[in-house]
Amino acid sequence: MALGQRRYQKKSFVIPKLQITSMMDMFTIILIFLLFSFSDNPEKLNIEKGMMLPKSTSQVDCIENITVLLTSDSLKIGKLHIADVNQGVIQGFDRKHPEKSELYKHLLTMRHNLDPKKNNENSAIVIFCDQRVPYKTIHQVVKTSGMAGFPNFQFAVLQK
Amino acid sequence: MRRFSRKKQLNDTDTDIDMVPIMNMFLVLIPFLLSSASFFDINAINTSVPVRNTNAYQENLKAEKVEKIIPVIEMKTSKIELYALSDQVKSEDLERWDISFTKQGGLFPLSDLQSYLQEMKKQYPESDTILVIPDDDILYETIIQTMDLARNATQSQSQLFPNVVLSDKI
């Protein structure tokens with residue numbers, strides 16, 4: 001009796017077929033989406049949380065260089081915090097003497113540290129700036145970077 | 001006939017396509033594409049601040065016979081003032097271009113400004129530089145919009161003034 005039961009159980013066992021059609025569909029959709037968003041120059045730039053970049057029609061690529069991040073409450077060079085910004089005024093920044101500011105000192109050091117073998121005449125600063133920041137704040141950064149030897153710069157924007 | 005259809009039925013067995021290699025390929029492709037995907041396109045606008053002219057530059061400018069102008073956009077809180085600067089064009093001719101665009105409904109009439117810039121470009125096609133002087137309170141977004149229209153013509157793909165210089169009041 002027991003032998004008969006076991007025989008019956010053995011017969012009824014069927015290897016289950018794995019239904020991968022839906023999984024294939026999902027993978028195909030993901031693959032197509034990723035192929036569309038493929039970039040040969042993936043962004044390695046850290047954008048501040050809450051920063052809103054303006055939209056532009058510009059098609060120029062960002063060069064990987066010195067990045068200055070300017071939001072309504074802080075100023076950074078890369079990941080280095082330089083100063084707080086309060087109501088459009090960079091703390092510790094004297095408009096009449098930008099050369100005394102921390103920003104100027106850091107940029108000047110970076111300018112000196114640039115590889116002299118390379119052509120540094122066109123070296124530019126990339127400015128990531130929140131779209132709600134007024135010009136008086138941007139101007140302080142732009143003017144100081146010009147004084148520190150970076151007259152050319154790029155404004156980072158999102159593609160329209 | 002019946003025999004034939006029965007034979008056909010016997011031959012029509014379900015053939016399972018082996019999807020495992022395709023799945024393997026997907027599993028390799030997806031992490032690769034994920035690592036190189038950019039979910040937001042960051043571009044850049046090339047700008048500069050005014051720099052002091054060298055003697056060589058001034059000599060080159062004198063040697064050039066082509067007339068060039070530098071349009072200046074002064075962005076004020078309530079209006080945009082536009083005028084032109086040039087070392088090669090007479091001041092009477094430059095004064096013709098003086099104009100101001102008052103804000104309409106809280107917005108700058110940027111399309112009017114652009115069509116005016118197109119006229120300037122048509123008159124002086126060799127000009128490629130524009131000066132933008134915003135007031136302290138002008139927001140960055142508005143400056144970018146103005147720079148965009150100063151660089152590109154709307155109707156054609158041609159460029160208006162590709163070199164945008166951001167400046168303080170001269």
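Two strands pair if DSSP finds at least two bridges between them. With that in hand, welcome to this predicted model, in which B:S48 of strand β1 (residues 42-48) of chain B stands opposite B:V165 in β6(B). The predictor gives the complex an ipTM of 0.73 and a pTM of 0.74. For chain B the average pLDDT is 80, and 79% of the residues score at least 70.

Here is a tour, topic by topic.

**Strand β1 of chain B and its partners**

- Of the 7 residues in β1(B), 6 are buried, so this strand is largely enclosed by the rest of the structure.
- Within chain B, β1(B) runs parallel to strand β6 (residues 163-166), and 2 bridges join them.
- Chain A also supplies partners: its strand β8 (residues 152-159) pairs with β1(B) in the antiparallel sense over 7 bridges.
- In that setting, look for A:L158, which stands opposite B:I42 in β1(B).
- Strand β2 (residues 60-61) of chain A is also antiparallel to β1(B), with 2 bridges between them.
- Here the bridge partner of A:V60 is B:A44.

**The hairpin and its neighbour in chain B**

- Strand β2 (residues 70-75) of chain B pairs with β3(B) in the antiparallel sense over 6 bridges.
- With 3 residues between them, β2(B) and β3(B) form a hairpin.
- One position to find is B:M75, which stands opposite B:I80 in β3(B).
- On strand β3 (residues 79-85) of chain B, the side chains alternate between two faces.
- B:I80, B:L82 and B:A84 point to one face and are buried, while B:K79, B:E81, B:Y83 and B:L85 point to the other and are not buried.
- β3(B) is also joined by 4 bridges to strand β4 (residues 99-102) of chain B, and these two run antiparallel.
- The partner of B:L82 in β4(B) is B:I99.

**Salt bridges**

- How many salt bridges does the structure hold over all chains? There are 6.
- Side chains of opposite charge can pair when their charged atoms come close.
- B:E74, B:K76, B:K79 and B:E81 are linked in a network of salt bridges.
- One link in this network joins B:E74 to B:K76, with their closest N and O atoms 3.5 Å apart.
- B:E74 is buried at a relative accessible area of 3%, whereas B:K76 is partly exposed at 23%.
- In chain A, the side chains of A:D130 and A:R132 meet in a salt bridge, 2.7 Å from N to O.
- A:D130 counts as buried at 2% relative accessibility, while A:R132 is partly exposed with a relative accessible area of 46%.

**Helix α6 of chain B**

- Helix α6 (residues 140-151) of chain B has 12 residues and should span 16 Å at 1.5 Å a residue; its end C-alpha atoms are 16 Å apart, which agrees.
- Is this helix largely enclosed or open? Because 10 of its 12 residues are buried, α6(B) is largely enclosed by the rest of the structure.
- The buried residues include B:Y140, B:I143, B:M147 and B:L149.
- B:D148 forms a salt bridge with B:R151, and the closest N and O atoms are 2.3 Å apart.
- These two residues are separated by about one helical turn, because they lie 3 residues apart in the helix.
- Both B:D148 and B:R151 are buried.

**A nonpolar surface patch**

- A:F38, B:I22, B:M25, B:L29 and B:F32 form a nonpolar patch on the surface, and together they have about 430 Å² of accessible area.
- One of its members, B:F32, is found in helix α2 (residues 20-35) of chain B.
- B:F32 is partly exposed, with a relative accessible area of 48%.

**Two loop residues in chain A**

- A:Q87 lies in the loop between β5 (80-86) and β6 (89-90) of chain A, and at 72% relative accessibility it counts as exposed.
- Most residues other than glycine have a negative phi.
- For A:Q87, however, phi is near 50°, a positive value in a residue other than glycine.
- A:T71 sits in the loop between β3 (66-70) and β4 (74-77) of chain A.
- With a relative accessible area of 8%, A:T71 is buried.
- A:T71 and A:Y104 are 33 residues apart along the chain, and their C-alpha atoms are separated by 18 Å.

Conventions:
Residues are numbered from 1 along each chain as its sequence is written. Chains are lettered from A and ligands numbered from 1 in the order in which they are written. Side-chain values use heavy atoms; hydrogens and water are left out. pLDDT is the predictor's confidence in each residue, from 0 to 100. The expected span of a helix is 1.5 Å times one less than its number of residues. Buried means under 20% relative accessible area, exposed over 50%, partly exposed in between (1.4 Å probe, protein chains only). Patches are made of residues with over 30% relative accessible area and no salt bridge: like charges are joined within 9 Å, nonpolar side chains (Val, Leu, Ile, Met, Phe, Trp, Tyr) within 5 Å. Accessible areas come from the Shrake-Rupley method with a 1.4 Å probe; for residues, only the protein chains shown count as cover. A salt bridge is a side-chain nitrogen of Lys or Arg within 4 Å of a carboxyl oxygen of Asp or Glu.
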